[in-house]
Amino acid sequence: FFTTKMQEDSARNLKLSNDLSHALEKNELELFYQPQLNTKSEKLIGAEALLRWHHGKEGMISPAEFIPIAESNGLILPIGEWILRTVITQAKKWIEEGFEPIIVAVNISAVQFRQKDLPQMITQMLQDVGLDPMYLELELTEGIAMSNPQQAIDIMDDLHERGIRMSIDDFGTGYSSLSYLKKFKTYKLKIDQSFVRDIEIDDDDKAIVKTIINMAKSLGLVTIAEGVENIGQLEYLEEQGCDEIQGYYYSRPIPANAFERYREEYQKNR
Ligand code: C2E
Ligand code: CA
Ligand code: CA
């Protein structure tokens, strides 16, 4: 039974791996954007760009399934480059169209992070498009520091000197030691949604989230909670002084044009 299942899985992976190599040229990739709001003012302050794959035959495939494939077959590099260019271009377009500038966050996988000349490539893209680096944020996971922490710190220093912001994604789920956190040039911690989910009923999650927020504050870091789906979660996070909120409570990730409508409506109503 297991053998059959495993064979099916690897056959699917092989098929997806092959299809993914044509996804860019076939225009099957799209970036969705999810709003990030200031907890107190409810002002829109940013958006996270999230990749979507509209597969010709299979329909929409989750990034949780195809990003690991792209990481293992190397396609994450050309795809990652396309993501960065698309997001930077979009952020610039929104500013030109008169929207109040926000910070747009891009997920960077560990493979991409160690790509040679990533900082130089991003600076070049920002210059080509004419976007101030202050409007771009790279979301990194704690995992980037695992194999070679000093190299990771050097790359982060380089990015920081170029004015590019960095946040730590899924904070609390990795294995990075707190001593690294001190050396990372990040400005924001994203509290993982696994801690937010049961925050209303689970005392451990309450304690963990409270601790992360307080620790971040003492280190001078901004906190954002992800996966916020209801008012109860929001109220606890606000009470604890969590700076920013992202989640279905405000909006799911949506296509760029829907995000524009969201902003128009949103700005009108406040
Ligand atoms: P992530 O970076 O932790 O992204 C957050 C995930 O939570 C997204 O799933 C988002 O749609 C989902 N989410 C947002 N708000 C809520 C909520 O209130 N409730 C629940 N239950 N979920 C919520 P998504 O879009 O399926 O992405 C999954 C993962 O795939 C991401 O996790 C990230 O690791 C990866 N990924 C997505 N886009 C990219 C990309 O452009 N580049 C890279 N390298 N990885 C990406
Ligand atoms: Ca993320
Ligand atoms: Ca996350």
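Is Asn-27 buried or exposed? I will come back to that residue in a moment, but let me say at the outset that what we are looking at is a predicted model, and that everything I describe this morning has been computed from it.

Let me start with the chain as a whole. Its secondary structure amounts to 11 helices and 10 strands. The radius of gyration is 19 Å, close to the 18 Å that the globule rule gives for 270 residues, so the chain is as compact as a globular protein of that length. If you lay the C-alpha trace along its principal axes, the spans are about 50 × 50 × 40 Å, and 47% of the 270 residues count as buried. When we take the contacts between residues at least 6 apart in sequence, 68% of them join residues at least 24 apart.

Turning to the surface and the charges, the chain exposes about 13,500 Å², with carbon and sulfur atoms supplying 52% of that area. There are 29 positive and 44 negative charges, and their mean positions are 2 Å apart.

Now, back to the opening question. Asn-27 has a relative accessibility of 67%, and because the threshold for exposed is over 50%, Asn-27 counts as exposed. This residue sits in the loop between α1, residues 2-23, and β1, residues 29-38, and its phi is near 60 degrees, a positive value in a residue other than glycine. A second case is Glu-42, which is not a glycine either and has a positive phi of about 55 degrees. Glu-42 belongs to the loop between β1 and β2, the latter being residues 44-55, and with a relative accessible area of 26% Glu-42 is partly exposed.

The last part concerns the metal site. Which residues supply the protein donors of the calcium ion, ligand 3? They are Asp-169 and Asp-170, each through OD, and Glu-226, which is listed twice through OE, with the donors lying 2.1 to 2.8 Å from the ion. Along the chain, these donors follow the spacing D-D-x55-E. The calcium ion that is ligand 3 and the calcium ion that is ligand 2 are 3.8 Å apart, and Asp-169 coordinates both. Asp-169 lies in strand β6, residues 165-171, and Glu-226 in strand β8, residues 222-226, so the pair ties together parts that are 57 residues apart in sequence. Both Asp-169 and Glu-226 are buried, whereas Asn-27, where we began, is exposed.

Note on methods
Residues are numbered from 1 along each chain as its sequence is written. Chains are lettered from A and ligands numbered from 1 in the order in which they are written. This is a predicted model: local features need pLDDT of at least 70, side-chain atom pairs count only at pLDDT 80 or more; totals for chains, interfaces and linings use all residues. Side-chain values use heavy atoms; hydrogens and water are left out. Helices (H or I, at least four residues) and strands (E, at least two) are DSSP runs, numbered from the N terminus. The radius of gyration is taken over C-alpha atoms; the globule rule is 2.2 Å times the number of residues to the power 0.38. Buried means under 20% relative accessible area, exposed over 50%, partly exposed in between (1.4 Å probe, protein chains only). Contact means heavy atoms within 4.5 Å. Accessible areas come from the Shrake-Rupley method with a 1.4 Å probe; for residues, only the protein chains shown count as cover. Lys and Arg count as positive and Asp and Glu as negative; His and the chain ends are not counted. The place of a charge is taken as NZ of Lys, CZ of Arg, CG of Asp or CD of Glu. Donors are N, O and S atoms within 2.8 Å of the metal (3.2 Å for Na, K and Ca); water is not among the atoms, so sites may look incomplete.
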